Amino acid sequence: MAKKYSSKINKIRTFALSLIFIGMFIMYGGVFFRGNAIIMTTFMLLGFLAIIASVVIYFWIGMLSTKAVQVTCPSCEKTTKILGRVDMCMHCNEPLTLDKSLEGKEFDESYNQKKKLTTD
Ligand SMILES: [Zn+2]
C-alpha cells in the first residue's frame with residue numbers, strides 16, 4: 001500500500017487552489033513585460049483565465065458536494081463525503097465504499113471507471 005490516495009473532493013480543491021496561485025504567478029510575470037503591451041496583456045489574460053477556471057472548479061466542487069453521499073467514517077468517526085463508488089475519508093484517508101461487493105477488497109480507484117461501463 002505504497003500508493004497515496006486522497007479524497008477526490010480534497011484533490012480537486014487542491015487543484016483549484018494551485019490554479020489561483022498559477023494565475024497570480026502568470027499575471028505577476030506580465031509585469032516584467034511592461035514594455036510590450038501585447039505580451040503583458042497576454043500574460044494578464046492567461047492569469048485571469050486561470051483564476052476564472054479555478055472559480056469555476058470551486059463552483060463545480062460545490063455542485064459535486066451536494067451530490068456526494070455523506071457518511072460517518074468508521075475509522076475517525078467524522079462526517080465525510082463519498083464521490084463515486086470508492087473514495088477516501090477526507091480526514092484520515094480511510095478507504096470507503098458504497099458498494100457492498102467491494103467491501104474488504106483492496107482500495108483501487110479504477111473501480112470508479114469500471115462503473116461507467118455497466119449500464120442498468
Ligand atoms: Zn476518517
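# Notebook: helices, hairpin and core

I began with Y58, which I found in helix 2. With 15 other C-beta atoms within 10 Å, Y58 is partly exposed, because that count falls between the limit of 12 or fewer for exposed and that of 20 or more for buried. I then looked up a partner distant in sequence: R13 is 45 residues away along the chain, yet the C-alpha atoms of Y58 and R13 are separated by 7.0 Å. I note here that the model is a predicted one, and I read every value below with that in mind.

**Overall layout.** I counted 3 helices and 4 strands in the protein chain, and, reading along the sequence, I wrote the order down as α-α-β-β-β-β-α. Of the 120 residues in the protein chain, 14% are buried. I also looked at how contacts are distributed, and among those between residues at least 6 apart in sequence, 44% join residues at least 24 apart.

**Helix 1.** I traced helix 1 over residues 8–30, a run of 23 residues that reaches 33 Å from its first C-alpha to its last, close to the 33 Å expected at 1.5 Å a residue. Within helix 1 I noted K8, L19 and G23 as buried, and I found that the buried residues of this helix pack against helix 2 and strand 3.

**Helix 2.** I followed helix 2 next, which has 31 residues and spans 45 Å between its first and last C-alpha atoms, close to the 45 Å expected at 1.5 Å a residue. The buried residues I listed there are F43, G47 and A50, and what covers the buried residues of helix 2 includes helix 1. As a reminder to myself, an α-helix has 3.6 residues a turn, so residues three or four places apart point the same way.

I then turned to W60, which also lies in helix 2. Is W60 buried or exposed? I record W60 as exposed, because only 12 or fewer C-beta neighbours are allowed for that class and W60 has 12 other C-beta atoms within 10 Å. The C-alpha atoms of W60 and I12 are separated by 9.4 Å, although the two residues are 48 apart along the chain.

**Record check.** I looked up the UniProt record, an unreviewed entry, and it lists residues 12–31 and 37–61 under "transmembrane region". In the model, the span of residues 12–31 is 95% helix and 0% strand, with its end C-alpha atoms 29 Å apart, whereas the span of residues 37–61 is 100% helix and 0% strand, with its end C-alpha atoms 36 Å apart.

**The hairpin.** I moved on to strand 1 (residues 69–72) and strand 2 (residues 79–82), which run antiparallel and are joined by 4 bridges. I picked out two pairings across them: V69 has I82 as its bridge partner in strand 2, and Q70 stands opposite K81 in strand 2. The two strands form a hairpin with 6 residues between them.

**Positive phi values.** Most residues other than glycine have a negative phi, and I therefore looked for exceptions to that rule. Which residue in the turn of the hairpin has a positive phi? I found E77, with a phi of about 60° although it is not a glycine, in the loop between strand 1 and strand 2. E77 counts as exposed because it has 9 C-beta neighbours inside 10 Å.

I entered N93 beside it, since its phi is likewise positive, near 60°, in a residue other than glycine. N93 sits in the loop between strand 3 (86–88) and strand 4 (95–97). How many other C-beta atoms lie within 10 Å of N93? I have 17 for N93, and so I class this residue as partly exposed.

**The nonpolar core.** Finally I looked up the largest nonpolar core, which has 6 residues in all: I82, L83, M88, C89, M90 and L96. I82, already noted as the bridge partner of V69, is one of these core residues. For L83, leaving aside its neighbours within four places in sequence, I listed contacts with K8, I9, L64 and A68. Of these partners, K8 is one of the residues I had already marked as buried in helix 1.

Conventions. Residues are numbered from 1 along each chain as its sequence is written. This is a predicted model: local features need pLDDT of at least 70, side-chain atom pairs count only at pLDDT 80 or more; totals for chains, interfaces and linings use all residues. UniProt positions are given in the numbering used here, feature names are shortened, and annotations may be inferred rather than shown by experiment. Two strands pair if DSSP finds at least two bridges between them. A nonpolar core is a set of buried Ala, Val, Leu, Ile, Met, Phe, Trp, Tyr and Cys residues joined through C-beta atoms within 7 Å. Two residues are in contact if their C-beta atoms, placed from the backbone, lie within 7 Å. The expected span of a helix is 1.5 Å times one less than its number of residues.
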